[in-house]
Amino acid sequence: MGIKLDILEPEAWQAALAALDWQIEMGVTDWVQDSPVSRYDLPDRLERPLAPDAPIRAAPQTDAPRADAPKTDAVEAARQAAQSALTLDDLRAALTSFDLCELKKGARSTVFADGNPAARVLILGEAPGREEDQEGLPFVGRAGQLLDRMFEAIGLSRQSADPASALYITNVMPWRPPQNREPEPDEIAMMRPFLERHIALIDPDVIVTMGNTPCMALLNQKGILRLRGNWTHALTKPVLPMTHPAYLLRNPAAKREAWADLLSLKARLT
Ligand code: URA
């Protein structure tokens with residue numbers, strides 16, 4: 001938070017410190033706003049105080065695009081960047097250097113994937129949360145731990161070296177949305193070329209989508225409670241929509257249906 005404690009009066013200093021302590025005690029770990037803030041831009045925008053005898057200069061030229069300048073077509077730029085990726089390393093590099101998605105500016109990490117690239121099963125989640133953003137890996141928070149336990153129950157693991165029992169895990173969005181909000185349709189559309197390339201490079205036997213966002217991205221459909229458990233196809237691959245493990249944490253009664261979906265996946269793989 002941007003309080004400058006050293007310039008406050010002692011009582012105000014104590015009050016500000018107590019307010020911060022209280023927030024930490026209440027579990028606040030990050031201070032986020034509704035829309036992402038680019039930390040990289042801030043130093044340039046801050047006005048430094050002028051020395052008393054400093055000459056007055058003309059206002060600096062803004063580098064904002066002119067109203068009549070053509071807008072970069074972000075989806076087309078994503079398509080070109082994704083198409084030129086011939087390997088997973090190329091794709092990770094292309095995503096890491098792709099700067100047209102606002103979400104990237106508020107994120108610490110570009111969360112690419114985890115698991116075995118030779119796995120028969122690709123799990124597609126929504127977007128990194130706080131822990132994933134910190135660690136740079138998908139599904140490592142509470143929902144991720146549940147996801148690991150669910151798939152281990154049918155003999156599949158991201159740690160497995162054997163493609164038959166391995167998982168490869170990635171997300172539609174590689175950057176954490178502010179306050180873990182759902183990704184917007186234009187953000188999903190921008191990432192779709194990368195997702196298509198990612199799936200083509202991994203070439204899994206089946207894709208399991210967790211929650212609504214990957215269903216929007218792959219199937220152009222929402223309504224996970226209706227879609228779950230019904231096998232369908234996207235990008236020439238069989239797709240099994242499942243409820244997101246974060247939903248299962250909030251609604252334990254839904255674990256029964258999730259177990260049925262896991263058994264359906266297991267049957268499909270044998
Ligand atoms: N939820 C997701 O959909 N993906 C993650 O990586 C973490 C939580």
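User: Which strand and which helix each supply at least two residues of the lining of the largest cavity?

Analyst: A lining residue has an atom within 4 Å of a cavity point, and the next step is to see which elements those residues fall in. In this predicted model, they are strand E3 (167-171) and helix H7 (185-202). H7 has the largest share of that lining, with four residues.

User: Which residues line the largest cavity, and how do they split by class?

Analyst: Leu 95, Val 111, Phe 112, Thr 170, Asn 171, Val 172, Pro 174, Met 191, Phe 194, Leu 195 and His 198 make up the lining. Sorted by class, you get eight nonpolar residues, three polar ones and no charged ones.

User: What is the volume of the largest cavity, and how many cavities of 30 Å³ or more turn up?

Analyst: The largest cavity comes out at about 80 Å³. Searching the whole structure gives one cavity of 30 Å³ or more.

User: On to pockets. How much space lies in the largest pocket, and which residues are closest to its centre?

Analyst: A cavity is closed to the probe, while a pocket is open. Here the largest pocket holds about 690 Å³ of space. It has 28 lining residues, and Glu 126, Ala 143, His 244, Ala 246 and Arg 250 are the closest to the centre.

User: Which helices each supply at least two residues of that pocket's lining, and which gives the most?

Analyst: Helices H5 (130-135), H6 (142-152), H9 (224-227) and H10 (245-250) each do so. H10 gives the most, with four residues. By class, the pocket lining has ten nonpolar, nine polar and nine charged residues.

User: Where does the ligand sit, and which residues are around it?

Analyst: The ligand sits in the largest pocket. Around it are Gly 125, Glu 126, Ala 127, Glu 132, Pro 138, Phe 139, Asn 171 and His 244. That shell divides into three nonpolar, three polar and two charged residues. A couple of names come back from earlier: Asn 171 also lines the largest cavity, and Glu 126 and His 244 are among the residues closest to the pocket centre.

User: What lies 2.7 Å, 2.8 Å or 2.9 Å from an oxygen atom of the ligand?

Analyst: For polar contacts, look for N or O pairs within 3.5 Å. A polar backbone atom of Glu 126 is 2.7 Å from a ligand oxygen. With His 244, a polar side-chain atom is 2.8 Å from a ligand oxygen. For Phe 139, a backbone N or O atom lies 2.9 Å from a ligand oxygen.

User: How much of the ligand's exposed area does the protein bury?

Analyst: Compare the ligand alone with the ligand in place. On its own, the ligand exposes 240 Å², and the protein buries 91% of that.

Key:
Residues are numbered from 1 along each chain as its sequence is written. This is a predicted model: local features need pLDDT of at least 70, side-chain atom pairs count only at pLDDT 80 or more; totals for chains, interfaces and linings use all residues. Side-chain values use heavy atoms; hydrogens and water are left out. A residue is near a molecule or strand if one of its heavy atoms lies within 4 Å of it. A polar contact is a pair of N or O atoms within 3.5 Å; within protein, one must be able to donate a hydrogen and the other to accept it, and residues adjacent in sequence count only if both atoms are side-chain atoms. Accessible areas come from the Shrake-Rupley method with a 1.4 Å probe; for residues, only the protein chains shown count as cover. On a 1 Å grid over the protein atoms alone, a cavity is a set of points where a 1.4 Å probe fits but cannot get out, and a pocket is an open set with protein on both sides within 12 Å along at least five of seven lines; lining residues have an atom within 4 Å of a point. A molecule sits in a cavity or pocket if more than half of its atoms lie within 2 Å of its grid points. Ala, Val, Leu, Ile, Met, Phe, Trp, Tyr, Cys and Pro count as nonpolar, Asp, Glu, Lys and Arg as charged, and the others, Gly among them, as polar. Grid points are joined across faces, edges and corners, and a volume is the space filled by probe spheres set on the points.
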